[in-house]
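Work through the exercises below with the sequence and the structure at hand. Try each task before reading its solution.

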Amino acid sequence: MYRLQLLAARSLIAGALDQFTPLTLTSSLTGVRHKSQGPSVEKYGQMRFSTAEAKVSAGRLDGKMREKSLTMDTLNPQVKAVEYAVRGPIVIKAVEIERCLEEGGTKPFSEVIKANIGDAHAMGQQPITFLRQVVALCTFPELMDSPSFPEDAKWRARRILQGCGGYSLGSYSASQGIEYIRKDIAAFIEQRDGVPSNWENIYLTTGASDGIMTILRLLVSGKDSSRTGVMIPIPQYPLYSAAISEMDAVQVNYYLDEDNCWALDINELYRAYQAAKQHCQPRVICIINPGNPTGQVQSKKCIEEVLHFAYEENLFVMSDEVYQDNVYAPDCQFHSFKKVLYEMGPEYFNSVELASFHSTSKGYTGECGFRGGYMEVINMDPEVKVQLVKLLSVRLCPPLAGQAAMDVIVNPPQPDEPSFKQFHQEKSSVLGALAEKAKLTEQILNAVPGIKCNPVQGAMYAFPRIFIPPKAVEEAKALGMQPDMLYCLRLLEEKGICVVPGSGFGQKDGTYHFRMTILPSTEKLKVLLGKVRDFHISFLKEYSALE
Amino acid sequence: MSENGALPHRGRVLTVDTMNPNVKKVDYAVRGPIVQRALQIEKELKEGVKKPFEEVIKANIGDAHAMGQRPITFFRQVMALCSYPQLLDDNKFPEDAKNRARRILQSCGGNSIGAYTTSQGIDCVRHDVAKYIQRRDGGIPSDPDNIYLTTGASDGIVTILKLLTTGEGRTRTGVMISIPQYPLYSASIAELGAVQVNYYLNEEKCWSLDISELQRSLQAAREHCNPRVLCIINPGNPTGQVQSRQCIEDVIRFAAKENLFLMADEVYQDNVYAEGCEFHSFKKVLFEMGPEYSRKIELVSFHSTSKCYMGECGFRGGYMEVINMDQEVKAQLSKLVSVRLCPPVPGQALMDLVVNCPQPGEPSYQTFMKERTAVLSALAEKAKLTEEILNTVPGISCNPVQGAMYSFPRITLPQRAINEAKAKGQAPDMFYCMKLLEDTGICLVPGSGFGQRDGTYHFRMTILPPTDKLKIMLHKLKEFHQTFTQQFA
């Protein structure tokens, strides 16, 4: 109990407990929380108190208590089940600490380094000039007369605007997206894969997340043992588990092989599939390649095996390929599922239903805020496609600025165009820096005793395994918290480093990890890694002493 | 398509029989079959196919820019500056635009609109929204913590409905919506598997909302579901009415008595044209009714960048203000929106400009006011014009377009036309609108897509085409209606 009080006094656990396990709070622990002095705890307490007060006074006026119509008991239970660690309690805590620092509070560090989310611009990456020029021209077409904008940017902007109603980015587009842009995307895919792509199979989306949710929504049906099962990798990007919870589908885990650089093992797929068939109907398999949070790049052979498996077991394939430009390891190469499917022959290419996803948020552009993305859907039943378009139409259309940004990505400056050189320079510099940081992260982490990190072959994350001493595990359990959550909260509180616990992504029982992005500038990344090392060593020491 | 050429060895995983049944039930008429046919006809015209008209006039959707309305210069200047901050050195941009852009960028991660924002939306934008609401509502306080930016208003509406949908069978959440309604509501209810509970607006009384009808509808619904939420659209879509203060008060009292969650869709709050009509926000009326109500009633109100005088639909900007929501539920709401990361940042920036527009004394003020007034007075004129011309047609009767952007006239259809439609398995007003499209190129949405009293027929048309085009359209419509009536007499 002493240590609990200690942690509570550090205001470490309050926010996390509120989020995670309100039911497991013991009264003594609640007492500790209220006595503690952390700014967050105080604020939370006040908020609750004033809510209670308002209820009481309202009751007095009315003579009876009016219950809220929407409470935790009457909330959609599927919403309750949703978890999204990338923006979970640890991030809420980080924002609180930042605020505290701004207000002059003292901490053992001067800034919070956020390595929790793949948000490149927030970490200082500069936008690609050409992309922003085109978007600015589309936004304010009066700039077409300005000599400071290059002709190739103007040409693209004019073309995008011609695809917009009233020549304005302020009109709605077709729900599938602007037709010109869909054609540009199809041409891009065709060039990337050397495989035909039909523009009518392309749907612009509000970031890739929107497309993934939409396809899952189509697929979820049935009750009990016929309820749709969705196969996802573990560790996974928690959008998948969150969407599955929200739609009340059945999550079917297949485990990536950490000892084999997070490779996908086809036997494990069979195991997971067979086990799931006992209680649900697995209908869809999701793949993230390059991997998030695990950073692996799948081999062509592995993709072939997955596709063969999907073909044999009649599964719909969803391939999340938003990191397709983020491949760093010299012996790795990105292979699109579409291309591999084609190369497997018409028997496969004409039958396996595949949706693949891309976005403006990652790659070398990192334009997360525009919420641009697309999906290519092949072999979808034509009647279902009609339903898909109908479903999309309810939300009217994806944001047009995001569509425009997507267009620039699939239709970048060509060697004979005026912006080519600068574009190319900016692109290589971003990707070169990421490759360097991927290497650096792996190396420094692997030098820490008790941390083991697979190579970051691609994407934007390292997902190292961390050894957590049994005493720390015990303590976390007593707090009703995952051990790696305890670890990450302390890392945040003591060093100002914000990373996401592995439990938010899923991991094999008894193993612990965290996800960190490789996005901070090289200099800052070195500081971050140094702090992680110091923290880890002192954490091990502290808890070993308790043994 | 080659992919459909070969006979597949394996069955499809996803077919209409195996797909999510709730998705199948979704209907969204504003972009339904009539619009798809309109697009086809446009293509045919381009390919040189002869038609009895030269162009398709689309009056099916509230898409102002597509109908030629110009963007507000100031908004677009700021947006360009945010997109390409190098322009901050360009002396062609006014200082007030630059200040706004700098302020927005400073609150973005890495000073870039390419960064994710917090899921609830940029802090300073939420503060500006709260200040705007406070100003609009005569000083009634608004808390930035209660403001959530959204991807258009639709996103917010679906999110709140999602929180509220629960239970099975008789305890399943019922959602009360007006009939006629904007079909986003019926579509979301279908998608979520909630129960749609209709209350009918009173067409004879200019589509006003009648409390006894609310009571009737609620009572009837309680037999088979658990009605928990009441949705109001004010000014009305598709019906164009503006609710009186008294009516809003009555609705709030009703919600209090029946323990209903209130959702007020106020995206047309600047679109009020009729003399004697005024926009009253639900929030303001609620707080003026005293703490007995203002401390209890759970209310969410919605606004957007897509309508009013700006018409910036493509940016997908919007916000909702959430009042009296249970603290724990609010935490759940924040969690739920975090899965989608954040609303598009350009849309957030635009929302900021709408609530923080140029003020007297700022260099852009005059141009801004001129543009704003021009748009709103043109709309007012077109609202009047539409009502007047339609009411001269025998067999068409149209309530005044007091606000919003639509007219929803009632049409009398000859019995033979009704029979023919039914034989084709079509709603009679769908049959009418299809024929109108084929004969004249005018694209409207049949009333059946919004809901209407049995045996009555309507269509929704926007008042957005430019005045001269609107006149042509209304006259073509008049002629068509007369011919149609004769043809099926």
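A residue is called buried when its relative accessible area is under 20%, exposed when that area is over 50%, and partly exposed in between. Keep in mind throughout that the model is a predicted one.

**Exercise 1. Two stacked rings in chain A**

Task: Determine how the rings of Y487(A) and F514(A) are arranged, and which parts of the chain they tie together.

Solution: Begin with the burial of the two residues, since the definition has just been given: Y487(A) is buried, and F514(A) is buried as well. Next, turn to the geometry, for a pair of aromatic rings is described by the distance of the centres and the angle of the planes. Rings pair if their centres lie within 6.5 Å, and planes under 30 degrees apart count as stacked. The ring centres of Y487(A) and F514(A) are 6.2 Å apart and the planes stand at 15 degrees, so this pair is stacked. Finally, locate the partners: Y487(A) belongs to helix 20 (residues 483–495) of chain A and F514(A) to strand 14 (residues 514–517) of chain A, so the pair ties together parts 27 residues apart in sequence.

**Exercise 2. A tilted pair in chain B**

Task: Describe the aromatic pair that F75(B) and F368(B) form, and state whether each residue is buried or exposed.

Solution: The centres of the two rings are 5.8 Å apart, with 45 degrees between the planes, and the pair of F75(B) and F368(B) is tilted. The pair links distant parts of the chain, because F75(B) sits in helix 3 of chain B and F368(B) in helix 14 (residues 365–391) of chain B, 293 residues apart. For burial, compare each value with the cut-off: F75(B) has 0% relative accessibility and therefore counts as buried, and F368(B), at 2%, also counts as buried. To widen the view, there are 28 aromatic pairs over all chains, and ring pairs link F431(B), Y432(B), F459(B), F480(B), F484(B) and F488(B) into a cluster.

**Exercise 3. Salt bridges within a helix and beside one**

Task: Examine the salt bridges of E343(A) with K339(A), of E474(A) with K471(A) and of R136(B) with D137(B).

Solution: Side chains of opposite charge can pair when their charged atoms come close. In the bridge between E343(A) and K339(A), the closest N and O atoms are 3.6 Å apart. These two residues are four residues apart in helix 14 (residues 337–343) of chain A, which means that about one helical turn separates them. E343(A) is partly exposed, with a relative accessible area of 42%, and K339(A) is partly exposed, with 22%.

The bridge between E474(A) and K471(A) has its closest N and O atoms 3.7 Å apart, and here the partners lie three residues apart in helix 19 (residues 470–478) of chain A, separated by about one helical turn.

In chain B, the closest N and O atoms of R136(B) and D137(B) are 2.9 Å apart. R136(B), at 23% relative accessibility, counts as partly exposed, whereas D137(B), at 2%, counts as buried. D137(B) lies in the loop between helix 5 (123–136) and strand 2 (147–151) of chain B, and, leaving out residues up to four places away in sequence, D137(B) touches S281(B), K283(B) and K284(B). K284(B) is also one of the residues in a network of salt bridges that share partners, together with R245(B), E249(B), D250(B), R253(B) and E288(B).

**Exercise 4. Where the two chains meet**

Task: Describe the interface of chain B and chain A, beginning with its contacts and its buried area.

Solution: First count the residues: 102 residues of chain B are in contact with 103 residues of chain A. Then consider the area, for the size of an interface is often given as the accessible area lost when the parts come together. About 9,200 Å² is buried between the two chains, and carbon and sulfur atoms give 55% of this area.

Next, look at the polar side of the interface, where there are five salt bridges and 34 residue pairs in polar contact. The side chains of E179(A) and K43(B) meet in a salt bridge, at 3.7 Å from N to O. Several elements give two or more residues to the side of chain B that touches chain A, among them helix 1 (21–25), helix 3 (73–83) and helix 12 (327–339) of chain B. Helix 12 of chain B gives the most, with eight residues. By class, this side of chain B has 47 nonpolar, 29 polar and 26 charged residues.

How values were computed. Residues numbered from 1 in each chain as written. Chains lettered and ligands numbered in written order. Predicted model: local features only at pLDDT ≥ 70, side-chain atom pairs only at ≥ 80, totals over all residues. Heavy atoms only, no water. Contact = heavy atoms within 4.5 Å. Buried area = accessible area lost by both parts, 1.4 Å probe. Salt bridge = Lys/Arg side-chain N within 4 Å of Asp/Glu carboxyl O. Polar contact = N/O pair within 3.5 Å; in protein donor to acceptor, adjacent residues only side chain to side chain. Nonpolar A, V, L, I, M, F, W, Y, C, P; charged D, E, K, R; others polar. Phe/Tyr/Trp six-rings, centres within 6.5 Å; stacked < 30°, edge-to-face > 60°. Buried < 20%, exposed > 50% of the residue type's maximum accessible area, 1.4 Å probe, protein only.
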